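This report concerns one helix and a set of charged side-chain pairs. Please consult the sequence and the structure alongside the text.

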Amino acid sequence: MSSPAATAADQEGEEMPPTKTSRVEEEHQDEDQAPCDPWTYCCQSDSESCPSPSAAAAAANDSEDDPEDLTEEGLKARNAVLAVSKSVVALAASIVGADGDPPSTLACTGTVVSHEDSATWILTSATLIRKQGTDTEVHEASIAKIEVLLHNKKVVNGQLLMYDLQYNVAVVSIDIQADLPVVVLSDLPESYFLTPSPVVAIARKFEFQSLQMKRGNTCRTVSDLDCNELMISTCQIEQVFIGGLLIDLEEKIVGMNFIDDETTPFLPVQVVRGCLTHFKKFREIKQPWLGIRGRALHVLELAKLEKICHRCPKPHSGILVDMIPEASRANCEGVEVGDILNQLDGVVLHSPGQVLFWKKWSC
């Protein structure tokens, strides 16, 4: 997944600038230290703060989707999956081969997110139509046939409405609405990801027409991929889970699953919701007004946290500004790289996703 670019978007009226508390030097530090709570665990060793995703995955439940798991957590996980099962579909994109080559097929998972006139919108990953081995190219619509498997085993044709390679999201439309409930993409509390919690990744397999689940936990770290907004879970998934939901045991939608070599990144629900809101309003995903790129304090490496602790009073949360595109500087009113933003219009900041699609300029 490529890093979401930050450019200015047309907006009506002026918005209040974010509140900044301090400025620190922008220096490169080694990235090999495990993330920890910036103000509680600064004196702990790496092993005492937050385990690596691979270590956490190894310690996860060996029977993540075991039908015989009748523990309280196992039953809650299955009930959470069943609560959204009618909204979970399988997608398959068949790409016509060149020069007589057989067509290639990529299958992933999608979720019903809207009914628009006589059509149903399905949110999934842009991986569905991305060319293999590239982050910037997709297959032409004329050579890609998209099929959608519904929960009732019916297969219908789908039409690609939108894709965005920066956030790796896509919307596919089908001409059917009956018995396809829409999931609600609600923003989670700002501090939700500060505490690791049990989650379930969901998929529907096209070839077996079956619902799949993998259990794990959210982890207080960010993905190694070039996107600061991506979080990590320990769910051990396969390709078919790409584009599917990540939910917690209280049936809250946490995000959309992607896949990497060693970890399971997911796009937090507030960013997913922002992408869908922009597409509904503008028929494209506009880039954020502020254009600020940064990292949450609670996932910074220990060396940088110590330097911040020595230079400023201890904020409980915030975003360390990594980049401000030139096109956005006029809107940022004095915010510079190295600043710590801890509030935006009075709302405490815990995640870069809060800055990307702030409600004042996205709705």
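The following paragraphs describe helix H3 and then selected salt bridges in this predicted model.

**Helix H3**

Helix H3 comprises 13 residues, 72-84. From its first C-alpha to its last it reaches 19 Å, close to the 18 Å expected at 1.5 Å a residue. Gly74, Ala77, Ala80, Val81 and Val84 are buried in H3. Viewed down the helix axis, these buried residues fall within an arc of 125°, so they line one face of H3. The face turned away from that buried side carries the exposed residues Glu72 and Leu82.

**Salt bridges**

The model contains nine salt bridges, including the three tabulated here.

| Pair | Closest N to O distance |
|---|---|
| Glu72 and Lys76 | 3.8 Å |
| Glu116 and Lys280 | 3.9 Å |
| Asp187 and Arg273 | 3.7 Å |

Glu72 and Lys76 are four residues apart in H3, which means that about one helical turn separates them. Glu72 is exposed at 59% relative accessibility, whereas Lys76 is partly exposed at 34%. Salt bridges with shared partners join Glu72, Lys76 and Glu250 into one network.

In the pair formed by Lys280 and Glu116, Lys280 belongs to helix H4 (residues 269-282) and Glu116 to strand E3 (residues 104-116), so the contact ties together parts 164 residues apart in sequence. Lys280 is partly exposed at 38% relative accessibility, and Glu116 is partly exposed at 26%.

The salt bridge of Asp187 with Arg273 links distant parts of the chain, 86 residues apart: Asp187 is in the loop between strands E7 (169-174) and E8 (198-205), and Arg273 is in H4. Asp187 is partly exposed at 45%, as is Arg273 at 32%.

Technical notes: Residues are numbered from 1 along each chain as its sequence is written. This is a predicted model: local features need pLDDT of at least 70, side-chain atom pairs count only at pLDDT 80 or more; totals for chains, interfaces and linings use all residues. Side-chain values use heavy atoms; hydrogens and water are left out. Helices (H or I, at least four residues) and strands (E, at least two) are DSSP runs, numbered from the N terminus. The expected span of a helix is 1.5 Å times one less than its number of residues. Buried means under 20% relative accessible area, exposed over 50%, partly exposed in between (1.4 Å probe, protein chains only). The arc is that of the directions from the helix axis to the C-beta atoms. A salt bridge is a side-chain nitrogen of Lys or Arg within 4 Å of a carboxyl oxygen of Asp or Glu.
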